[in-house]
Amino acid sequence: MNSTLLVNVFRFVFLLALQILVFNNMNFGGYISAFPYILFIILYPVNGNKANLLIASFFLGLLMDLFSNSGGVHATACVVLAYLRPSFFKFSFGLSYEYQTVKLNDVLTPERFTFILLSVITHHIVLFLLESFQFSFLLDVLLRTFLSTLFTILICIILIYLIKPNKR
């Protein structure tokens, strides 16, 4: 087993456990929830196998759905995020992405922040739209998406700095 696979398996299990044990029990006013488990998809290696990412993202979301009793909304949101991830990389990093030189574990640059922001917003809007499944709740969905995106990004940035080893 190579080290990249080991790191990804550990990250998958750690983030899923953290989500289920800590963040699923946090909800502020019904509008603010954090979903840092999607860091697995965000931090997956740029040059990693995209089919494996789609499969892993599906199972990550499916496990979240099983523990949250949410009927497939997490699985769908995770697969959509994993599918759109290469486009978000191209948009955020341009040529750096084409040459596979992107590292998300370095200092938070505007490009990295843009990528994380696009990823989190996409996941949240798909998740909350499918959860409510009514256009009459559109303002509610947008408010939940906005507030939860802010909270999730804050948690994700903190986790990135805690998880990643400092190479100085």
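This report walks through the helices, core, surface and a few individual residues of the structure above.

The model is a predicted one, in which local features need pLDDT of at least 70 and side-chain atom pairs count only at pLDDT 80 or more, while totals for chains, interfaces and linings use all residues. Residues are numbered from 1 along each chain as its sequence is written, and side-chain values use heavy atoms, with hydrogens and water left out.

## Overall build

The protein has seven helices and zero strands, and from the N terminus its elements read α-α-α-α-α-α-α. Helices here are DSSP runs of H or I with at least four residues, strands are runs of E with at least two, and both are numbered from the N terminus. Of the 168 residues, 43% are buried. Buried means under 20% relative accessible area, exposed means over 50%, and partly exposed lies in between, using a 1.4 Å probe and protein chains only.

Contacts (heavy atoms within 4.5 Å) often reach far along the chain: among those between residues at least 6 apart in sequence, 67% join residues at least 24 apart. The accessible surface is about 9,300 Å², and 69% of it belongs to carbon and sulfur atoms. These areas come from the Shrake-Rupley method with a 1.4 Å probe; for residues, only the protein chains shown count as cover.

## Two helices and the core

Helix 1 and helix 6 can be set side by side. The expected span is 1.5 Å times one less than the number of residues.

| Helix | Residues | Span, first to last C-alpha | Expected span |
|---|---|---|---|
| Helix 1 | 19 residues | 26 Å | 27 Å |
| Helix 6 | 23 residues | 32 Å | 33 Å |

The buried residues of helix 1 are Asn8, Arg11, Phe12, Leu15, Leu16, Leu18, Gln19 and Ile20, and they pack against helix 2, helix 3 and helix 7. A general point helps in reading such lists: an α-helix has 3.6 residues a turn, so residues three or four places apart point the same way. In helix 6 the buried residues include Arg112, Phe115, Ser119, His123 and Phe128; the buried residues of this helix pack against helix 2, helix 4 and helix 7.

The largest nonpolar core has 43 residues, and those with the most contacts inside it are Leu39, Phe40 and Ile41. Such a core is a set of buried Ala, Val, Leu, Ile, Met, Phe, Trp, Tyr and Cys residues joined through side-chain atoms within 4.5 Å. Two or more residues each come from helix 1 (3-21), helix 2 (39-43), helix 3, helix 4 (73-93), helix 6 and helix 7. Leaving aside neighbours within four places in sequence, Phe40 is in contact with Asn8, Arg11, Phe12, Leu15, Leu53, Ala56 and Leu60.

## Buried spots worth a look

His123 sits in helix 6 and is buried, with a relative accessible area of 0%. Not counting residues up to four places away in sequence, His123 touches Phe35, Tyr37, Ile38, His74, Ala77, Cys78 and Leu81. His123 and Phe35 are 88 residues apart in sequence, yet their C-alpha atoms are 9.3 Å apart.

Gly61, in helix 3, is likewise buried at 0% relative accessible area. With residues up to four places away set aside, Gly61 touches His74, Ala75 and Cys78. The C-alpha atoms of Gly61 and Val79, 18 residues apart along the chain, are separated by 7.8 Å.

## Salt bridge, surface patch and positive phi

The structure holds one salt bridge, meaning a side-chain nitrogen of Lys or Arg within 4 Å of a carboxyl oxygen of Asp or Glu. The partners are Glu131 and Arg144, with their closest N and O atoms 2.7 Å apart. Glu131 lies in helix 6 (residues 110-132) and Arg144 in helix 7 (residues 138-163), so the pair ties together parts 13 residues apart in sequence. Glu131 is partly exposed at 37% relative accessibility, whereas Arg144 is buried at 17%.

On the surface, Ile55, Phe58, Phe59, Leu62, Leu66 and Phe67 make a nonpolar patch of about 600 Å². Patches consist of residues with over 30% relative accessible area and no salt bridge, with like charges joined within 9 Å and nonpolar side chains (Val, Leu, Ile, Met, Phe, Trp, Tyr) within 5 Å. Leu62 belongs to helix 3 (residues 50-68).

Finally, the backbone: most residues other than glycine have a negative phi. Asn69, in the loop between helix 3 and helix 4, has a positive phi near 55 degrees and is exposed at 73% relative accessible area. Phe133, which follows helix 6, also has a positive phi, near 55 degrees.
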